[in-house]
Amino acid sequence: EVEAALLTGKADIAVHSMKDMPAKMPDGLMLTAVTTREDPRDVLVTRDGRDLESLSSGAVLGTSSIRRRAQMSKLRPDLRLVPLRGNVGSRLAKLQSGEVDATLLAQAGLNRLGLPEIKQVALSTDLMLPAPGQGVLCIQTRSGDDRAQEICSLINCAETAIASAAERAMVEKLDASCKTPMGAYARIIGDRLEVRGELLSPDGKHVYTDEQVIELSDKGPDNMIAAAVAGTDLAQTLSVKAGDRLSSILGRT
């Protein structure tokens, strides 16, 4: 609906969560800008603020994210995973009512909603790699709308754009979606871009990880291209590692 509003001229800009954006844009639309990335980590939310290690065996963890279910199956196979749908408010209400003992949410979402009182423990990206684009807001415009593009460029974060280019290239190369059990996280450290990726079988029993590190130049457009190449190369490496299991991971069998 949002993209239709852009295409028909009812709206001039659209704001999306990057992790929900398909790798390929509809004809006539383009990704114009990204804002500074919020905290990309996942957080464990419980009624009493306990951490992942402190959850008792058999505790009920609610999440409908295929990625999070696979990662939790790897980290804590003794937990009972159940679907938990709805917006942040409804999921927190189900937690408080005792329907589940814990859930997983994006730190960025909690920060943007202003919910500091929630009992939460952030999970490091070393422990749990986030979804591609997690924590990033992106702005979409019509391809020929120079005025909208000029305005939106004023809030573009170049560092986030470079990292996002790598993560989105991974998604595109794998032809993945939000239903693919994969994690990706790119960040700039000094003059280098580090891109980490992960593919998991839905049951968490098979995990394939790798990373790419590239040097950045002082030319912005070159860095965007190099980041996309790094993401593509990383996706290819993960594909080879996954081998015959790749089709099932991508939901094609």
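Contact here means heavy atoms within 4.5 Å. The structure shown in these views is a predicted model.

**View 1. Surroundings of Met 182 in the predicted model.** Neighbours within four places in sequence are left aside in this view. Met 182 is then in contact with Met 170, Val 171, Leu 174 and Ala 176, and also with Glu 198, Leu 199 and Leu 200. The remaining contacts of Met 182 are Arg 67, Pro 130, Ala 131 and Pro 132.

**View 2. The largest nonpolar core, comprising 27 residues.** Met 182 is among the residues with the most contacts inside this core, together with Met 170, Leu 174, Leu 193, Val 195 and Leu 199. At least two residues of the core are supplied by each of α6 (158–174), β9 (182–189), β10 (192–200), β11 (207–215), α7 (220–242) and α8 (246–249). Helix α6 provides the largest share, seven residues. In soluble globular proteins, nonpolar side chains tend to be buried together.

**View 3. The open three-stranded sheet, with strand order β9-β10-β11.** The pairing is antiparallel. Strands β9 and β11 form the edges, each pairing on one side only. From one strand to the next, the twist averages 10°. The antiparallel pairing of β9 with β10 extends over eight bridges. Gly 183 has Glu 198, in β10, as its bridge partner.

**View 4. Helices α2 and α6 packed on the sheet.** Helix α2 (residues 66–75) touches β9, β10 and β11, and its direction makes about 80° with that of β10. Helix α6 touches β9 and β10; the direction of α6 makes about 150° with that of β9.

**View 5. Cys 138 and its nearest cysteine sulfur, that of Cys 152.** The structure holds zero disulfides. Cys 138 accordingly takes part in none, and the sulfur of Cys 152 lies 11 Å away. A disulfide would require the two sulfur atoms to be within 2.5 Å. Cys 138 is buried, with a relative accessible area of 0%.

**View 6. Cys 178, an exposed cysteine.** The closest cysteine sulfur to that of Cys 178 belongs to Cys 138, at 14 Å. Because this distance is too far for a bond, Cys 178 and Cys 138 are not joined by a disulfide. The relative accessibility of Cys 178 is 61%, so this residue counts as exposed, whereas Cys 138 is buried.

Technical notes. Residues are numbered from 1 along each chain as its sequence is written. This is a predicted model: local features need pLDDT of at least 70, side-chain atom pairs count only at pLDDT 80 or more; totals for chains, interfaces and linings use all residues. Side-chain values use heavy atoms; hydrogens and water are left out. A nonpolar core is a set of buried Ala, Val, Leu, Ile, Met, Phe, Trp, Tyr and Cys residues joined through side-chain atoms within 4.5 Å. Buried means under 20% relative accessible area, exposed over 50%, partly exposed in between (1.4 Å probe, protein chains only). Helices (H or I, at least four residues) and strands (E, at least two) are DSSP runs, numbered from the N terminus. Two strands pair if DSSP finds at least two bridges between them. Axes are lines fitted to C-alpha atoms, for helices over the stretch in contact, and angles run from 0 to 180 degrees between N-to-C directions.
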